[in-house]
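This report describes a ligand site, ionic pairs, cysteines and selected buried positions. The sequence and the structure are shown first.

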Amino acid sequence: MLDSIVRNHTLAVLVDNEAGVLARVIGLFSGRGYNIESLTVAEVDAEKKLSRITVVTKGTPMVIEQIKNQLGRLVPVHAVQDLTTDGPHVTRELALIKVKGNGENRVESLRLADVFRARAVDSTTHSFVFEMTGSTEKIDAFIELMRPLGLVEVSRTGAVAIRRGAVGFERGVSASNAATKSPLRKRKRVNA
Amino acid sequence: MSEAHELNGAEIVIKALADEGVDIIFGYPGGAVLPIYDAIFSQNQIRHILVRHEAGAIHAAEGYARSTGKVGALIVTSGPGATNTVTGLTDAMMDSIPIVCLTGQVATHLIGNDAFQEADTVGITRPCTKHNYLVRDVNDVGRIIHEAFYVARSGRPGPVVVDLPKDVQLATGRYTSVREATHRTYRPQIKGSPDKIEAAVAMIAAAKRPLFYTGGGVINSGRRASELLTEFVKLTGFPITNTLMGLGSFPGSDQQFLGMVGMHGFYEANLAMSECDVMIAVGARFDDRVTGRLNAFAKNSKKIHIDIDPSSINKNVSVDIGIVGDVGSVLDDMLKVWRKKCYKPDAKALKAWWGKIAGWRARECLRYRKSDDIIKPQFALERLYRHIKGRDAYITTEVGQHQMWAAQFLRFEEPNRWMTSGGLGTMGYGLPAAMGVQVAHPDSLVIDVAGEASILMNIQELSTIIQYRLPVKVFILNNHYMGMVRQWQELLHGGRYAETYMDALPDFVKLAEAFGAVGLRATAPGELDDVIEQMISTPHPVVADIVVDPDENCFPMISSGAAHYDMILGPEDKRPEVSAEGKMLV
Ligand SMILES: Cc1ncc(C[n+]2csc(CCOP(=O)(O)OP(=O)(O)O)c2C)c(N)n1
Ligand SMILES: [Mg+2]
């Protein structure tokens with residue numbers, strides 16, 4: 001059945017950059033047993049004190065709908081956007097990958113880095129730190145290739161994502177979702 | 001409000017509370033809130049009720065809030081004072097009760113140092129509040145308190161904690177008055193989508209076997225919502241059932257009312273739920289106590305769900321039309337559409353449907369075996385109802401069999417008259433809640449229907465009740481057992497009654513007297529009416545110890561993991577085998 005298929009969804013969540021907001025979002029996921037595949041957060045508007053959280057989660061359509069609504073219910077959450085269902089979007093991750101080795105392996109790692117457009121941002125006579133950005137899959141693939149060549153450690157940011165096209169967050173709010181707040185448009189107060 | 005003179009943080013707290021219209025605050029002092037207590041001391045706008053335990057303060061604030069529709073307020077000290085409110089905060093969260101809980105905190109420079117009576121209050125209460133704040137700047141105190149009240153009462157109501165470090169209470173600063181303060185972004189959706197409302201009303205008009213299923217959201221929305229609901233139900237002639245939380249949103253003695261729905265709900269309500277073709281869920285959340293086994297729940301029905309909380313819609317049960325909005329506003333719009341389009345219910349189909357319901361009603365699901373020599377708990381409540389019917393009465397309960405019997409045998413004609421811990425099922429709720437109700441309604445009859453086990457959980461509040469001369473009545477259905485748990489042991493664990501019998505119980509009459517209340521006791525059916533009469537006519541706090549049949553079980557019942565149509569009506573009914581999944585359910 002279609003509604004029992006578990007899928008990854010990338011959600012963008014715009015929040016007030018205030019103390020405890022990240023704990024609130026993470027607590028919601030752990031408390032209600034939702035998955036976090038990856039999570040990134042940073043301030044995106046210093047003047048309005050807004051942060052953007054990108055969270056990759058997985059679940060059936062009903063669970064994803066719940067997650068969006070539960071996020072929307074948190075007081076400091078402004079808007080929730082489901083990039084996976086809201087049309088085309090770009091996802092990028094940044095990774096730092098340390099590889100150690102000499103001779104053939106060292107040359108091979110440099111060659112592959114070139115193919116993947118990874119840059120060496122630190123090098124010693126027997127090691128490199130490569131920096132690369134790309135989709136999660138591309139980074140996964142590069143790491144797999146580095147493993148036999150002397151992979152030492154990996155640090156990666158997790159996904160950040162944004163919708164393609166000219167439309168910004170304020171109009172890109174999940175249409176299917178009555179819950180989603182869109183306070184970026186000047187909203188009139190309804191009743192008291 | 002002008003800033004003619006500067007105030008300290010504690011004075012700002014009191015000023016902000018007064019500006020919010022707070023007339024009563026429940027609380028318990030301690031080192032971290034001394035400046036606020038000092039500010040309380042030197043004013044007379046806000047009356048402070050000194051409880052005996054912080055758990056009592058928060059349940060009292062809940063009782064106050066639920067019986068008035070206003071926000072309940074309390075103040076406690078840091079550390080243990082704050083942690084003692086956690087159960088009550090969770091209770092208020094589950095039942096959507098608007099509460100503002102002020103907690104003291106150690107000075108900001110000490111936070112994180114394991115200082116004396118330090119606790120990470122915002123960390124601990126984050127999952128059990130709608131929102132919480134740690135105030136770090138005295139100039140934010142006013143704004144945050146106003147915001148807290150706004151958040152607590154707007155949208156789906158809930159508890160809000162404001163944690164106030166002691167240095168912030170002592171610093172001087174600027175007060176922001178109520179007109180300047182709102183929340184930056186939090187604006188719940190009040191008005192329902194007109195298209196969906198039109199579609200829903202058309203669906204309602206075409207229904208052949210309709211049922212209104214309404215919950216606490218109707219009561220939370222305010223009196224007007226109950227009036228509109230009643231109007232709509234009368235206009236359509238449809239049957240209606242209430243959840244435990246929704247009792248009183250429609251007149252309980254009306255012919256169209258099928259009684260409570262759910263695990264211990266009425267047979268006719270559950271069967272109607274199971275067989276309806278259009279279900280109109282209003283401010284109810286398809287809780288597991290209501291739905292029974294989900295894959296057997298009202299399978300052939302179209303469902304309309306009105307709720308202010310979008311996350312309640314399609315959470316447990318997927319619905320055909322989900323309308324996000326305040327139920328009062330949506331019902332108002334629905335009535336307008338109904339009238340404008342001159343809809344008429346399908347009278348013929350409705351007649352057949354009521355015929356079917358009459359058949360279920362004829363089973364008389366609340367029937368129990370009468371006795372001449374032992375008081376049956378159901379009989380005690382029947383008699384109690386006879387005495388309070390038509391009076392200006394408020395009922396609270398503890399948690400257990402007595403609570404379910406009270407929900408079955410007492411009828412409520414108005415909202416805000418029935419206060420029970422629904423979502424969390426907190427034993428010890430009823431007595432402090434009754435205290436909060438009585439503070440708000442000093443001249444009304446306020447009764448806590450209690451079990452002997454639950455009442456001991458917050459019995460200390462009798463002392464508060466005496467201090468403030470609150471004529472609360474405690475009606476204990478004393479069966480010597482944690483009856484509800486014993487009933488489950490009978491059902492699921494072969495009657496092995498592990499730790500559900502209390503071998504030593506206090507003499508409740510003497511206990512009442514020790515506190516300064518009046519103690520009464522009934523041990524035989526013949527004594528019951530006199531004791532109830534005396535309890536009601538005594539203008540003081542009364543504890544009535546009603547010694548009832550220890551072996552009685554609460555019926556009807558949908559046992560765990562079963563479907564609505566598998567209801568057990570009484571002890572002689574064959575018990576269906578409880579499935580492995582059923583045993584796993586609470
Ligand atoms: C704080 C708390 N602890 C435990 C429970 C589990 N529990 C539910 S009902 C019940 C027994 C209540 O006994 P009593 O108050 O005598 O009511 P009765 O069922 O006998 O009417 C218990 C222990 C609970 N609901 N709340
Ligand atoms: Mg008992």
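How do the residues of the shell around ligand 1 divide into nonpolar, polar and charged? The shell comprises 8 nonpolar residues, 8 polar residues and 1 charged residue. The model under discussion is predicted.

## Surroundings of ligand 1

Ligand 1 is surrounded by 17 residues, and the closest are Q401(B), H402(B), G425(B), S454(B) and G483(B). Three polar contacts can be described at the atomic level. A polar side-chain atom of N479(B) is placed 2.9 Å from an oxygen atom of ligand 1. Two further contacts involve the protein backbone: a polar backbone atom of A453(B) is 3.2 Å from an oxygen atom of ligand 1, and a backbone N or O atom of M427(B) lies 3.4 Å from a nitrogen atom of the ligand.

Ligand 1 exposes 590 Å² when taken alone, and the protein buries 76% of that area. In chain B, the elements that contribute two or more residues to the shell are α17 (401-409), α19 (452-455) and α21 (483-492).

## Helix α17

Helix α17(B) is largely enclosed by the rest of the structure, because 9 of its 9 residues are buried. The buried residues include Q401(B) and H402(B), two residues that are also listed among the closest to ligand 1. The others are Q403(B), M404(B), W405(B), A406(B), A407(B), Q408(B) and F409(B).

## Salt bridges between distant parts of chain B

Over all chains, a search of the whole structure finds 36 salt bridges. Side chains of opposite charge can pair when their charged atoms come close. One such pair consists of D346(B) and K208(B), whose side chains meet with an N to O distance of 2.8 Å. D346(B) belongs to the loop between α14 (327-340) and α15 (347-361) of chain B, and K208(B) to the loop between α9 (194-205) and β9 (210-214) of chain B, so the salt bridge ties together parts that are 138 residues apart in sequence. D346(B) is partly exposed, with a relative accessible area of 25%; K208(B) is also partly exposed, at 40%.

A second pair is formed by R223(B) and E414(B), with the closest N and O atoms 2.7 Å apart. This pair links distant parts of the chain, 191 residues apart: R223(B) is in helix α11 (residues 223-236) of chain B, and E414(B) is in the loop between α17 and β16 (418-419) of chain B. R223(B) has a relative accessible area of 42% and is partly exposed, and E414(B) is partly exposed at 30%.

## A salt bridge within helix α21

Which helix holds both E490(B) and R486(B)? Both residues lie in helix α21 of chain B, where they are 4 residues apart, about one turn of the helix. They form a salt bridge in which the closest N and O atoms are 3.1 Å apart. E490(B) is partly exposed, with a relative accessible area of 27%, whereas R486(B) is buried at 1%. Elsewhere, salt bridges with shared partners join R223(B), D392(B), E414(B) and R417(B) into one network.

## Cysteines

How many disulfides does a search of the whole structure find over all chains? The search finds 0 disulfides. C101(B) is in no disulfide, and the nearest cysteine sulfur to it, that of C128(B), is 9.4 Å away. C101(B) is buried, at 0% relative accessibility. For C128(B), which is likewise in no disulfide, the nearest cysteine sulfur is that of C101(B). C128(B) counts as buried at 7% relative accessibility.

## Buried positions T241(B) and E461(B)

T241(B) is located in strand β10 (residues 240-242) of chain B and is buried, with a relative accessible area of 0%. A polar atom of the T241(B) side chain lies 3.3 Å from the backbone nitrogen of V261(B).

E461(B) is part of helix α20 (residues 461-467) of chain B and counts as buried, at 0% relative accessibility. Although E461(B) and V51(B) are 410 residues apart along the chain, their C-alpha atoms are separated by 6.5 Å.

Terms used. Residues numbered from 1 in each chain as written. Chains lettered and ligands numbered in written order. Predicted model: local features only at pLDDT ≥ 70, side-chain atom pairs only at ≥ 80, totals over all residues. Heavy atoms only, no water. Near = heavy atom within 4 Å. Polar contact = N/O pair within 3.5 Å; in protein donor to acceptor, adjacent residues only side chain to side chain. Areas by Shrake-Rupley, 256 points an atom, 1.4 Å probe, with all protein chains shown as cover. Nonpolar A, V, L, I, M, F, W, Y, C, P; charged D, E, K, R; others polar. Salt bridge = Lys/Arg side-chain N within 4 Å of Asp/Glu carboxyl O. Buried < 20%, exposed > 50% of the residue type's maximum accessible area, 1.4 Å probe, protein only. Disulfide = S-S within 2.5 Å.
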